[in-house]
Amino acid sequence: MTFLNAKWLSPERFLALGFASVILLGTLLLLLPISANPGVTIRPLDALFTSTSAVCVTGLVVMDTADSFSIFGRTVVALMIQIGGLGISAVGVTFILLAGKKVGLKERVLIKESLNLGSLKGIVKLIKSIVMMTLCFEGAGLILSYVVFSQDYPPLSALGISAFHSVSSFNNAGFDILGGYQSLTSYQDHVLLNLTTCALIIFGGLGFYAIREILNKRSWTNLSMNTKIVLSMTFFLLALGTVLLKLTNNITWLGAFFQSTSARTAGFNTYSIGGLSSAGQFIMILLMFVGASPGSTGGGIKTTTAFTLIKSLFSYATNRDCTAFRRRISQESVFKAFIVASLAIFTICTITLLLCITEPDLSFSQILFEVVSGFGTVGLSTGITPQLKDISKFLLCLIMFIGRLGPLTMACVWVYQPSSNLSYGEERITIG
């Protein structure tokens with residue numbers, strides 16, 4: 001029996017090992033002398049943090065990407081972002097297809113698990129469409145971004161910045177190579193760059209399956225309930241976030257819309273996050289916690305999970321069936337939503353407590369914001385990341401890893417066991 005066919009290596013464990021392997025490879029590449037700018041020393045932990053943030057498409061940084069890494073180092077970061085956004089299994093299947101080989105059952109199962117699909121039907125076609133969609137969106141983003149950056153940088157530099165920005169935006173990574181930890185603050189009033197970035201973030205966060213269904217069916221009535229929920233929640237959260245951020249902060253409507261979009265796991269900012277009001281930061285924490293949609297490049301508990309939680313609570317309170325768009329939401333979906341949310345809250349609370357212990361000089365709100373940002377693979381920060389202690393950086397690496405794989409997947413990694421026919425008698429307990 002080979003290592004890959006061992007009984008203990010469930011699809012969840014294989015995915016976790018795959019992501020961990022790519023993170024380790026990225027760490028080693030970033031430690032190479034060619035990866036650093038002249039006079040810059042990159043510590044192993046900082047390389048690990050950067051690689052983890054890139055592969056987990058988060059965007060939290062302990063070293064400014066442009067100021068610290070050479071063109072080779074930035075290219076490594078961009079490749080890690082692309083691999084992390086598409087998913088380890090999707091990238092692997094793409095190489096199998098390029099080699100002209102047949103995709104086996106094991107690879108199909110991994111794709112199903114990584115993209116949270118309901119069945120194995122049409123897996124190969126989906127992967128092909130994912131690659132094509134990614135190239136199209138990133139290509140369009142590159143062209144539109146170049147129109148902006150070419151006004152401020154030489155042609156080759158503008159091309160490199162545009163390519164990096166497009167990859168980072170569509171994969172909801174939040175990395176930038178403009179230097180000085182400035183993100184997009186110098187372009188806060190530039191309509192074209194703001195809207196281009198928002199469009200890439202939104203489409204990247206919708207989920208590949210949802211985008212494919214929208215393009216194929218092109219009619220609201222023909223869409224599946226899952227896609228309708230994704231679109232409804234995306235629009236609702238973007239609109240609500242924009243209005244609330246505008247009302248609680250002295251920013252423009254464009255800035256409010258951009259930050260509402262970015263808080264959904266992207267990590268770019270056009271205004272200083274530390275300068276936002278406490279209400280504004282709390283709103284962003286809630287948006288980061290929900291995150292993007294299933295099968296996307298983003299993190300968080302996902303829009304469908306939040307929707308199911310709200311609908312199920314309402315159905316229990318009114319003693320009605322849990323329904324949406326004239327369809328009943330299955331009890332399995334409701335149960336899974338509560339498990340995902342519970343595990344997410346438990347993970348965030350645990351890491352927040354540990355960081356409060358290791359970073360006593362920081363405020364609770366700063367720590368909570370950083371932890372939720374890491375869990376949601378967002379990358380927004382109040383500015384404390386570079387000053388964190390080594391143990392705190394490692395804890396953030398851990399929660400970024402958990403956030404990218406998903407708390408339910410990580411739970412299966414640790415406690416997975418083959419199914420058993422043994423069952424026990426049922427007994428009621430008092431709840432509430």
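1. Thr27 counts as buried, at 7% relative accessibility; buried denotes under 20% relative accessible area, exposed over 50%, and partly exposed the range in between (1.4 Å probe, protein chains only). Thr27 belongs to helix 1 (residues 11–30), where helices (H or I, at least four residues) and strands (E, at least two) are DSSP runs numbered from the N terminus. Leaving out residues up to four places away in sequence, Thr27 touches Pro44, Ala47, Leu48 and Ser51, contact meaning heavy atoms within 4.5 Å.

2. On provenance, this is a predicted model, in which local features need pLDDT of at least 70 and side-chain atom pairs count only at pLDDT 80 or more, while totals for chains, interfaces and linings use all residues. Residues are numbered from 1 along each chain as its sequence is written, and side-chain values use heavy atoms, with hydrogens and water left out.

3. Two backbone conformations deserve attention. Most residues other than glycine have a negative phi. Val57, although not a glycine, has a positive phi of about 40 degrees; Val57 sits in the loop between helix 2 (44–55) and helix 3 (65–68) and is buried, at 0% relative accessibility. Phe325, also not a glycine, has a positive phi of about 55 degrees. Phe325 is placed in the loop between strand 1 (323–324) and strand 2 (327–328), and is partly exposed, with a relative accessible area of 33%.

4. The whole structure contains 8 aromatic pairs. Rings of Phe, Tyr and Trp (its six-membered ring) pair if their centres lie within 6.5 Å; planes under 30 degrees apart count as stacked, over 60 as edge-to-face and the rest as tilted. Phe170 and Phe208 form a tilted pair, at 6.2 Å centre to centre and 55 degrees between the planes. Phe170 lies in helix 8 (residues 155–170) and Phe208 in helix 10 (residues 208–217), so the pair ties together parts that are 38 residues apart in sequence. Both Phe170 and Phe208 are buried, and they form one aromatic cluster with Phe137 and Phe203.

5. How many residues has the largest nonpolar core? This core has 92 residues, and those with the most contacts inside it are Ile81, Phe175, Met284, Met288, Ile301 and Leu380. A nonpolar core is a set of buried Ala, Val, Leu, Ile, Met, Phe, Trp, Tyr and Cys residues joined through side-chain atoms within 4.5 Å. Helix 15 (residues 331–358) gives the most to the largest core, with 8 residues. Apart from the largest core lies another, of 12 residues, among them Leu126, Met133, Phe170 and Leu200.

6. Lys302 is buried, with a relative accessible area of 16%. The residue occupies the loop between helix 13 (278–290) and helix 14 (303–318). Not counting residues up to four places away in sequence, Lys302 touches Val290, Ala292, Ser293 and Pro294. The C-alpha atoms of Lys302 and Gly376 are separated by 9.2 Å, with the two residues 74 apart along the chain.
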